[in-house]
Amino acid sequence: MSLSKFFILSVLRQRPMHGYEIAREVECSTQGCCAPTEGTIYPVLREFEQGRYVTVHNETVAGRGRKVYTLTNKGREAFAVAVEAWMEVVAHINRQQ
């Protein structure tokens, strides 16, 4: 799993969010190391929706429509598997030092 996908799942564990909010939260939580653009975040969110890692509902705020993404149980499980995989990578890197 790419880091951007990992970080998107990570922030969606907090609460349902719309795309721009997800991008902001990823950037904030990674202290600017990962700052997904619209060109990267929305294809990932569509992929997650198709894979049923997230559900989507439309919301209107101040007359503007937006999609709100909610992590599913399948998405939470995928995140847990990704955490385990990244922990193995980190352990391997630490052993190499």
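This short presentation describes a helix pair, a buried histidine and an aromatic cluster in a predicted model.

Residues are numbered from 1 along each chain as its sequence is written, and side-chain values use heavy atoms, with hydrogens and water left out. Because the model is predicted, local features need pLDDT of at least 70 and side-chain atom pairs count only at pLDDT 80 or more, whereas totals for chains, interfaces and linings use all residues.

I begin with the helices. Helices (H or I, at least four residues) and strands (E, at least two) are DSSP runs, numbered from the N terminus. Helix α1, residues 3-12, and helix α2, residues 19-29, have axes that come within 9 Å and cross at roughly 105 degrees. Axes are lines fitted to C-alpha atoms, for helices over the stretch in contact, and angles run from 0 to 180 degrees between N-to-C directions. The crossing makes α1 roughly perpendicular to α2 (65 to 115 degrees). Contact (heavy atoms within 4.5 Å) is made by F7, I8, V11 and L12 of α1 with I22, E25, V26 and S29 of α2.

I turn next to H18, which is found in strand β1, residues 17-18. Is H18 buried or exposed? H18 counts as buried, at 14% relative accessibility (buried means under 20% relative accessible area, with a 1.4 Å probe and protein chains only). Leaving aside residues up to four places away in sequence, H18 touches R66, K67, V68 and Y69.

Finally, F6 is also buried, with a relative accessible area of 13%. F6, F7, F79 and W86 form one aromatic cluster, in which rings of Phe, Tyr and Trp (its six-membered ring) pair if their centres lie within 6.5 Å.

Key:
Angles under 35 degrees count as roughly parallel, over 145 as roughly antiparallel, 65 to 115 as roughly perpendicular and the rest as oblique. Buried means under 20% relative accessible area, exposed over 50%, partly exposed in between (1.4 Å probe, protein chains only). Rings of Phe, Tyr and Trp (its six-membered ring) pair if their centres lie within 6.5 Å; planes under 30 degrees apart count as stacked, over 60 as edge-to-face and the rest as tilted.
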